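Here are some exercises with worked solutions. Try each task before reading on.

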Amino acid sequence: MLNKDFLKTLGLIGLCLLTLIAGAARASDSPALDNILKKNVIRIGVKTDFSPYNSINSNNEIVGFESDVAELIAKQLNVNLKKVSITTENRFQKLELGEVDILLATVGDTAARRKIATAVEPGYNETSVNVLFRPGQAVETWSMLRQSTICAVQGSYFNKPMSERYLLSLQTYKTVRDAHLALQDGQCTGFLYATAALHNTRQQALFSGYTMPLPNALITPMAIFIARNELGGALDRALGDILAELHRSGWLLEANNKWGIASTGWLTTQQHLWSEKDEQGEYVCARNTSGHWTAACRSVEYVSSDEVSGVQKVGLWIKEQLGVDLNFIYDPYDRTQFVTGIVYTMLLIASSIAISLTLGIGVSVLVDGKRGLGIAAVHGVMAYGRLTPPLLMMYLIFFGMGGWLMRDFGIKLSAFAVAAFCSGYYTAGLVMRALLEAAKHIRTYDDGYLLRLNNLGRTASYANWPVKQALINLTKQTMIASAIAIPELLSASSLLIAEKGNIFLTMTVLLITFFLITSLWTRIFNYMEKALLPVAGQS
């Protein structure tokens with residue numbers, strides 16, 4: 001229930017909005033608002049097939065989370081409310097034709113939709129995508145859905161990106177009901193739709209045994225949409241101010257819980273964001289002189305380069321002027337993921353090099369010139385590391401041995417340590433073989449020569465080429481560490497692709513970055529070779 005303080009706050013906002021509306025009417029910067037005030041009614045387009053956001057109850061009334069929001073908006077604008085039933089397929093047509101004043105109909109806020117209508121900021125909830133599977137036909141990863149026949153609803157914003165990203169074969173239907181029937185009849189293996197609606201569908205007796213094991217995809221804010229020519233107008237600002245206060249007060253979070261809508265925590269994050277104040281006690285999320293909310297409180301995808309500075313400004317300028325979407329430059333979150341990936345990659349390479357050289361040199365010194373069963377066993381162990389693919393070794397240790405240690409002893413293996421050891425172990429075998437062959441060559445003219453730490457430089461001068469090539473190859477193979485959930489560069493890039501698409505550009509940047517990383521390490525190896533090793537035959 002709403003408390004008295006919140007009601008007082010809304011009352012004050014209402015007075016401010018009435019003042020704003022009156023001034024806007026004189027300025028005529030909002031034709032839609034002029035029409036609303038003139039007719040004393042606001043026509044809000046709502047869906048009726050998307051419970052718990054909106055559905056028709058036993059009294060033939062449209063009820064749900066969005067209906068509650070619609071009623072509050074009408075109250076704050078001091079006009080009557082008329083709910084207009086719309087569908088996913090025709091909602092933007094209704095808005096363009098002027099049959100509704102605003103859309104409050106589970107509309108995901110996307111760049112494509114902002115080209116045809118105005119999205120009111122901030123959003124009022126979140127939406128994500130999942131698949132409801134028929135009994136016995138579920139898969140656990142999105143990649144396993146490739147080429148699968150999946151039911152969907154016409155007009156859903158996620159149809160195209162999900163189809164392209166995961167190579168789905170979509171059968172699109174006009175209504176949710178039709179898609180449900182097709183799913184039950186076995187026309188498709190699953191139904192691609194909004195996560196919240198699918199959770200509600202699973203609760204119905206007809207869908208007992210249907211499952212949703214996939215992680216949510218395309219988590220996107222839902223926005224109120226108004227006509228395109230209303231951007232920045234009085235109606236846009238009035239609706240935005242109402243939504244901002246609903247976030248600050250926690251009303252939206254309370255209503256979300258009231259209707260049992262599953263959430264990833266987006267509303268909680270938004271409440272903290274819009275409630276934050278500066279040292280002067282003013283809200284951090286406030287409108288600037290141009291009427292926009294501050295850039296830090298808006299989705300980074302819709303902020304212009306004029307509103308920010310630094311690296312973010314450069315990335316957005318490139319996007320605006322050249323059409324190159326370097327989201328890992330202008331988006332702080334994506335940039336953090338990408339930089340973290342580079343740091344992990346460099347640390348993994350350095351750790352693997354240290355292990356490979358330490359193990360390779362140590363074992364070479366230990367076994368050179370010696371015989372016996374123990375020495376033969378050491379040779380066998382090192383040969384195993386040299387001949388076993390590092391990825392297979394990672395799986396055996398991390399999932400095989402790691403699973404046993406966790407189950408029986410409660411010991412959890414570090415994924416980073418496992419990856420570094422496996423890469424280093426594999427390369428150590430190559431380093432050892434190169435050093436032993438070099439020592440054998442030296443004995444052809446220096447009888448009795450044995451590899452020891454005090455003459456390592458001399459031996460290494462003959463083994464430098466194969467050792468250097470082995471280390472260069474090591475820098476390239478660190479990408480396989482993503483197989484055991486290490487957030488190195490390939491893993492970070494894959495995450496960016498999964499969240500934003502942009503496959504070609506992201507993979508191109510990944511290729512260039514790895515080329516630069518490998519080139520850097522090659523230069524380091526060349527420098528160390530010249531600085532530390534004598535020229536072969538002169539020592």
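A residue counts as buried under 20% relative accessible area, as exposed over 50%, and as partly exposed in between. Keep these cut-offs at hand. The model is a predicted one.

**Exercise 1. Decide whether Asn78 is buried or exposed, and describe its backbone.**

Step 1. Take the relative accessible area of Asn78, which is 56%. The cut-off for exposed is over 50%, so Asn78 is exposed.

Step 2. Place the residue. Asn78 sits in the loop between helix H3 (65–77) and E5.

Step 3. Check the backbone. Asn78 is not a glycine, yet its phi is positive, about 60°.

**Exercise 2. Do the same for Gln147: where is it, and is it buried or exposed?**

Step 1. Find the loop. Gln147 lies between E8 and strand E9 (149–153).

Step 2. Apply the cut-off. Gln147 has 60% relative accessibility, so it counts as exposed.

Step 3. Look at phi. Gln147 is not a glycine either. Its phi is positive, at about 70°.

**Exercise 3. Describe the overall form of the protein.**

Step 1. Count the elements. There are 20 helices and 13 strands.

Step 2. Compare the radius of gyration with the globule rule. The radius is 31 Å, and the rule gives 24 Å for 539 residues. The value is well over the rule, so the protein is more spread out than a compact globule.

Step 3. Add the spans. Along the principal axes, the C-alpha trace covers about 105 × 55 × 40 Å.

Step 4. Add the burial. Of the 539 residues, 46% are buried.

**Exercise 4. Which strands pair with E1, and in which sense?**

Step 1. Start with E1 itself, residues 41–47. Six of its seven residues are buried.

Step 2. Go to strand E5 (residues 80–86). Seven bridges join E1 and E5, and the two run parallel. One point of contact is Val46, which faces Ser85 in E5.

Step 3. Go to strand E6 (residues 102–103). Its pairing with E1 is parallel too, over two bridges. Here Ile44 stands opposite Ile102.

**Exercise 5. Describe the two faces of E8 and name its partner strands.**

Step 1. Recall a general point. Side chains in a regular strand alternate between the two faces of the sheet.

Step 2. Read one side of E8: Asn125, Thr127, Val129, Val131 and Phe133. On the other are Glu126, Ser128, Asn130 and Leu132. Both sides are covered. Strand E8 (residues 125–133) has nine of its nine residues buried.

Step 3. Find the partners. Strand E12 (residues 217–222) pairs with E8 in the antiparallel sense over four bridges. Thr127 has Thr220 as its bridge partner there. Strand E11 (residues 190–194) is also antiparallel to E8, over five bridges. In that pair, Phe133 stands opposite Gly190.

Step 4. Look just before E8. Pro122 is in the loop between E7 and E8. The peptide bond from Glu121 to Pro122 is cis, with omega about 5°.

**Exercise 6. Why is one side of E2 and of E4 left without a neighbour in the sheet?**

Step 1. Set out the order. The sheet is open, has three strands in the order E2-E3-E4, and pairs antiparallel.

Step 2. Find the edges. Strand E2 (49–50) and strand E4 (62–63) stand there with a single partner strand each, so one side of each has no neighbour in the sheet.

Step 3. Inspect one pairing. E2 and strand E3 (residues 54–56) are joined by two bridges. Asp49 stands opposite Ser55 in E3.

**Exercise 7. What lines the second largest pocket?**

Step 1. Note the volume, about 590 Å³.

Step 2. Find the centre. The lining has 23 residues, and the closest to the centre are Arg114, Ala119, Leu231, Arg298 and Tyr302.

Step 3. Name the elements. Helix H5 (111–114), strand E7 (118–119) and helix H9 (234–249) each give two or more residues. H5 gives the most, with three.

Step 4. Sort the lining by class. It has seven nonpolar, five polar and 11 charged residues.

**Exercise 8. Compare the UniProt record with the model for residues 387–407 and 413–436.**

Step 1. Read the record. The unreviewed UniProt entry annotates "transmembrane region" at residues 342–367, 387–407, 413–436 and 503–522.

Step 2. Check residues 387–407. The chain there is 90% helix and 0% strand, with end C-alpha atoms 30 Å apart.

Step 3. Check residues 413–436. This stretch is 92% helix and 0% strand, and its end C-alpha atoms are 33 Å apart.

Notes
Residues numbered from 1 in each chain as written. Predicted model: local features only at pLDDT ≥ 70, side-chain atom pairs only at ≥ 80, totals over all residues. Heavy atoms only, no water. Buried < 20%, exposed > 50% of the residue type's maximum accessible area, 1.4 Å probe, protein only. Pairing = 2+ DSSP bridges. UniProt positions renumbered as here; feature names shortened; annotations may be inferred. 1 Å grid on protein atoms, 1.4 Å probe; cavity = no way out; pocket = protein on both sides within 12 Å on 5 of 7 lines; lining within 4 Å. Points joined across faces, edges and corners; volume = space filled by probe spheres on them. Nonpolar A, V, L, I, M, F, W, Y, C, P; charged D, E, K, R; others polar. Rg over C-alpha atoms; globule rule 2.2 N^0.38 Å.
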